[in-house]
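Visitor: Hey, got a minute to walk me through this one? I'd like to poke at a few spots.

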Amino acid sequence: MTDLTKTTSRVETKDAASRNGELDDPRDLEVMEHVKGLLRFIGEDPEREGLLDTPRRVMLAMADHFHGYKEEPRDYLSRTFTEVEGYNELVLITDIELHSHCEHHMVPFVGKAHVGYIPDGKVVGLSKLARVVDAYAKRLQVQEKLTAQICDTIWDCLKPKGVAVILQCQHFCMCYRGVKKPGSWTTTSKLHGCFLESDASRLELMTLIGMKRNIG
Ligand SMILES: [Zn+2]
């Protein structure tokens, strides 16, 4: 944890420092040298004018893409509310925008997350569920693992009657390289509690997600 904190402050001060020409942290310089190596690998000249600032920009973009390593997703679910007038029915957020990177090729996969849960006496702020999605998505991932991590975290922290997480994503490594199948979508789902045990709960969930699809 200490190491992560150190990284956070380093990244946050990096942009300001680099604007002032003070980018001399040896770790940053090392990262930028690696980016220059990649530029040479693809056949570019890292010293040409248009690319001079690219290593710094790539480093900052990477810090943003992989911001999730500096977050503890469980923290977002630590504050719950019990004054819900006994509402113990489905809470469903659909179409949460999702940007992640596959851990095999470090290229993007993007899509939507649908997150639903049935509370057991306590609820969490709706935006917090989207933050959990983001905190795991902004890491190197495989879609299956990402789905399970989001679902398991909500299940462990909120102890609801049921949780369902469904992800629908397009993978750049599948669409634009290798098998090259643009337009293909990958759907993954992980269910806990009543969504696994009760056909009625699962049907309600799928109907509501499907309804949104038809309206949208
Ligand atoms: Zn990949």
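Visitor: Leaving aside neighbours within four places in sequence, which residues is Met106 in contact with?
Guide: Those would be His101 and Leu140. Keep in mind that this is a predicted model.

Visitor: And where does Met106 sit?
Guide: Met106 is in the loop that links strand E2 (91–102) with strand E3 (108–118).

Visitor: Buried or exposed, that Met106?
Guide: Exposed: Met106 has 12 other C-beta atoms within 10 Å, and a residue counts as exposed at 12 or fewer.

Visitor: What about Cys173, how many residues apart in sequence are Met106 and Cys173?
Guide: They're 67 residues apart in sequence, and their C-alpha atoms are 8.7 Å apart in space.

Visitor: OK, switching to helices. At roughly what angle do the axes of H2 and H3 cross?
Guide: Roughly 110 degrees, and the axes of H2 (residues 26–41) and H3 (residues 54–65) come within 9 Å. That makes H2 roughly perpendicular to H3, since 65 to 115 degrees is the range for that word. The crossing of H2 past H3 is right-handed.

Visitor: Which residues meet there, H2 against H3?
Guide: From H2 you get Asp28, Val31, Met32, Val35, Lys36 and Leu39, and from H3 there are Thr54, Pro55, Arg56, Val58 and Met59. Sorted by class, the contact of H2 with H3 has seven nonpolar, one polar and three charged residues.

Visitor: Now H4 and H5, how do those axes cross?
Guide: At roughly 140 degrees, with the axes of H4 (residues 126–137) and H5 (residues 143–158) coming within 10 Å. H4 and H5 are therefore oblique to each other, as roughly antiparallel would need an angle over 145. H4 also passes H5 in a right-handed crossing.

Visitor: Which side chains' owners meet between H4 and H5?
Guide: On the H4 side, Val132, Val133, Tyr136 and Ala137; on the H5 side, Leu146, Gln149, Ile150, Thr153 and Ile154. The class count for H4 with H5 is seven nonpolar, two polar and no charged residues.

Visitor: Last thing: where is confidence lowest, and where is it highest?
Guide: Helix H1 (residues 2–19) is lowest with a mean pLDDT of 50, while strand E5 (residues 140–141) is highest at 98. Over residues 1–9 pLDDT stays under 50, and the model has four contacts beyond four places in sequence for them.

Visitor: And the mean pLDDT of the chain? What is that?
Guide: The chain's mean is 87, and 85% of its residues reach 70 or more.

Technical notes
Residues are numbered from 1 along each chain as its sequence is written. This is a predicted model: local features need pLDDT of at least 70, side-chain atom pairs count only at pLDDT 80 or more; totals for chains, interfaces and linings use all residues. pLDDT is the predictor's confidence in each residue, from 0 to 100. Helices (H or I, at least four residues) and strands (E, at least two) are DSSP runs, numbered from the N terminus. Two residues are in contact if their C-beta atoms, placed from the backbone, lie within 7 Å. Axes are lines fitted to C-alpha atoms, for helices over the stretch in contact, and angles run from 0 to 180 degrees between N-to-C directions. Angles under 35 degrees count as roughly parallel, over 145 as roughly antiparallel, 65 to 115 as roughly perpendicular and the rest as oblique. A crossing is left-handed if the near helix is turned anticlockwise from the far one by less than a right angle, and right-handed if clockwise. Ala, Val, Leu, Ile, Met, Phe, Trp, Tyr, Cys and Pro count as nonpolar, Asp, Glu, Lys and Arg as charged, and the others, Gly among them, as polar. A residue is buried if 20 or more other C-beta atoms lie within 10 Å of its own, exposed if 12 or fewer, and partly exposed in between; C-beta atoms are placed from the backbone.
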